[in-house]
Amino acid sequence: MGLIKTEKFTDSQNQIARFAKAFGHPARVAIIQHLFKIDTCVCGDLVEEIGLAQPTISQHLKELKNLDLIQGTIEGTSVCYCINKANWTAMKTVLNGFLNNDVNNNTCC
């Protein structure tokens, strides 16, 4: 199976796919939900809250950070994470534009 050739798709299509990837694993959904629930930065209690190993949590945090949906600050020996509110709003705008497409009433299939 070949590699996905993202250059064949529009910037908008690639952006929607990247955002959708953020929700492609329940651990990332749980992390985002937890960050919204506490409405502050979290420093390390995600392992206890989510119930996965530290390396697994770190990998999911890295994915979310690469998408700029969360941001992190270093405090001593730990990194504290919170929702990147500006990028969350931008993502909602992009996804709402995509999800607000409606099915036509023509008869197909």
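Reader: Helices (H or I, at least four residues) and strands (E, at least two) are DSSP runs numbered from the N terminus; in which helix does Arg28 lie?

Author: Arg28 lies in helix H2. The model is predicted, so local features need pLDDT of at least 70 and side-chain atom pairs pLDDT 80 or more, while totals for chains, interfaces and linings use all residues. Residues are numbered from 1 along each chain as its sequence is written, and side-chain values use heavy atoms, without hydrogens and water.

Reader: Does anything of opposite charge sit by Arg28, and how far away is the nearest such side chain?

Author: The nearest is Glu63, 5.1 Å away. Arg28 is buried (under 20% relative accessible area; exposed is over 50%, partly exposed in between, with a 1.4 Å probe and protein chains only). Arg28 has no salt bridge, meaning a side-chain nitrogen of Lys or Arg within 4 Å of a carboxyl oxygen of Asp or Glu.

Reader: Which backbone oxygen does the side chain of Arg28 reach?

Author: That of Lys21, at 3.1 Å. Arg28 also touches (heavy atoms within 4.5 Å) His60 and Leu64, among others beyond four places in sequence.

Reader: And His60: buried or exposed?

Author: His60 is buried, because its relative accessible area is 8%. This residue belongs to helix H4, and its contacts farther than four places along the sequence are His25, Ala27, Arg28 and Ile31.

Reader: New topic: how many residues has the largest nonpolar core?

Author: It has 19, with Ile31, Leu61, Leu64, Leu69 and Ile70 among those with the most contacts inside it. Such a core joins buried Ala, Val, Leu, Ile, Met, Phe, Trp, Tyr and Cys residues through side-chain atoms within 4.5 Å.

Reader: What does Leu69 touch?

Author: Beyond four places in sequence, its partners include Phe19, Cys82 and Trp88.

Key:
Lys, Arg positive; Asp, Glu negative; His and termini not counted. Polar contact = N/O pair within 3.5 Å; in protein donor to acceptor, adjacent residues only side chain to side chain.
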